[in-house]
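Okay, everyone, thanks for coming. Let me put the model on the screen, and then I'll talk you through a few side chains.

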Amino acid sequence: MKSQKTIFVALVLILLASFYAQSQDREQLTVPVSDPTKEIKLNANLISGSIKVIGYDGKDIIIDAIAPVSEKKQNRERADGMKKISTNDGFEIVAREQNNTVNVSTDRVNMKVNLSIKVPHKASLKLKTINDGDIYVENVNGNHEISNINGEIKMKNVAGSVVANTINEDIIINFTSITPNTPMAFTTLNGNVDVTFPATVKANVKLKSDMGEVLTDFDIDVDKTAAKIKQTADKEKGLYKIQKDEWTYGKINGGGPEIMMKTMHGDVLIRKIK
């Protein structure tokens with residue numbers, strides 16, 4: 001018998017549709033974990049495409065990989081009337097499992113692939129995509145790291161802790177419960193940061209919006225003395241610059257681990273579950 005350290009490697013070859021195909025290619029892969037009674041971790045990394053993760057009552061990780069056929073690729077006729085003969089242009093989705101950690105990736109960095117993944121409810125996620133896709137998570141309990149560059153991050157009915165960052169689009173997260181004594185951070189550049197917490201959350205909050213507003217329905221004990229003054233010098237010009245730190249600092253329910261929320265072009269909203 002092989003031990004739990006056995007590496008499970010699942011390789012799925014998905015062939016793209018032919019030149020005239022109008023549909024999507026879709027394959028499903030089921031990945032068992034070494035010990036379903038212990039913590040499960042999922043790492044999924046894409047260059048182009050979306051990632052959707054849903055918690056369910058099963059023990060395995062189920063991966064649906066979808067390769068859309070774009071209109072641009074379907075039209076192969078050149079300006080001079082010549083047409084290109086298409087060939088099967090396949091790609092691989094690879095899922096590797098070791099010691100309850102499943103790593104999912106694709107070998108074709110320039111091809112858009114959408115992943116839809118089912119995981120047991122108690123799973124920690126590390127998800128990343130860069131172009132042409134959003135990240136959506138629902139009904140999962142764990143410690144999560146979520147990163148996107150040009151897409152939205154949306155998490156619904158999640159528990160545990162989250163560190164989330166994107167550049168272009170919103171971060172919207174709804175917690176059912178949080179991991180005690182665990183700091184969290186939510187940052188974007190062009191979008192809103194909108195996070196809903198249980199009413200009983202205890203936290204020290206650090207909030208900032210450069211070009212928007214900071215809004216909340218919590219009774220936050222704002223520290224009005226916490227604004228910091230920073231002085232910098234330009235020795236060549238003999239000038240000194242004084243800059244005020246525009247972060248808002250405060251405590252919710254007496255304080256606790258730090259929760260940081262920041263955006264430049266957008267609003268920061270920290271909400272209470274109704």
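I'll go through salt bridges, aromatic rings, and then a couple of individual residues. Keep in mind that this is a predicted model.

So, salt bridges. How many does a search of the whole structure find? The count is 5. Let me show you some of them. Lys112 and Asp132 pair up through their side chains, with 3.4 Å from N to O. Lys112 is in the loop between strands S7 and S8, while Asp132 is in the loop between S9 and S10, so this bridge ties together parts 20 residues apart in sequence. Both ends are partly exposed: Lys112 has a relative accessible area of 28%, and Asp132 comes in at 47%.

Next one: Arg271 with Asp194, where the closest N and O atoms are 2.7 Å apart. Here the chain separation is 77 residues, with Arg271 in strand S23 and Asp194 in strand S15. Is each partner buried or partly exposed? Arg271 is partly exposed, because its relative accessibility is 36%. Asp194, on the other hand, is at 14%, so it counts as buried; the cut-off there is under 20%.

Then there's Lys262 and Asp210, bridged at 3.8 Å, N to O. Lys262 belongs to strand S22 and Asp210 to the loop between S16 and S17, so the pair ties together parts that are 52 residues apart in sequence. Lys262 is partly exposed at 24%, and Asp210 is partly exposed as well, at 29%. This pair isn't on its own, either: Lys208, Asp210 and Lys262 are linked in a network of salt bridges.

On to the rings. There are 3 aromatic pairs by the rule used here. Take Phe175 and Phe197: their ring centres are 5.4 Å apart and the planes sit at 10°, so that's a stacked pair. Phe175 is in strand S13 and Phe197 in strand S15, 22 residues apart along the chain. Each has a relative accessible area of 0%, so Phe175 is buried and Phe197 is buried too. Phe197 also pairs with Phe186, but edge-to-face, at 6.4 Å centre to centre with 70° between the planes. Phe186 is in strand S14, 11 residues from Phe197, and it is buried at 0%. Put together, Phe175, Phe186 and Phe197 make one aromatic cluster.

While we're on rings, two lysines are worth a look. The charged end of Lys206 sits over the Trp247 ring, 4.6 Å from its centre. Lys118 does this with Tyr56, where the distance to the ring centre is 6.0 Å.

Last bit: two individual residues. Met155 is in strand S12, and with 2% relative accessibility it counts as buried. Leaving out residues up to four places away in sequence, Met155 touches several others, among them Val137, Ile146, Val162 and Ile172. Its C-alpha is 9.8 Å from that of Lys52, which is 103 residues away along the chain.

And Gln28, over in strand S2: buried or exposed? Exposed, because its relative accessible area is 52% and the bar is over 50%. Beyond its neighbours within four places in sequence, Gln28 is in contact with Ile62, Ile63 and Asp64. The C-alpha atoms of Gln28 and Ile63 are 5.6 Å apart, with their positions 35 residues apart in the chain. With Asp64, Gln28 makes a side-chain polar contact of 3.2 Å.

That's my tour, thanks.

Conventions
Residues numbered from 1 in each chain as written. Predicted model: local features only at pLDDT ≥ 70, side-chain atom pairs only at ≥ 80, totals over all residues. Heavy atoms only, no water. Helix = DSSP H or I, 4+ residues; strand = E, 2+ residues; numbered from the N terminus. Buried < 20%, exposed > 50% of the residue type's maximum accessible area, 1.4 Å probe, protein only. Contact = heavy atoms within 4.5 Å. Salt bridge = Lys/Arg side-chain N within 4 Å of Asp/Glu carboxyl O. Polar contact = N/O pair within 3.5 Å; in protein donor to acceptor, adjacent residues only side chain to side chain. Phe/Tyr/Trp six-rings, centres within 6.5 Å; stacked < 30°, edge-to-face > 60°. Lys NZ or Arg CZ within 6 Å of the ring centre and 35° of its normal.
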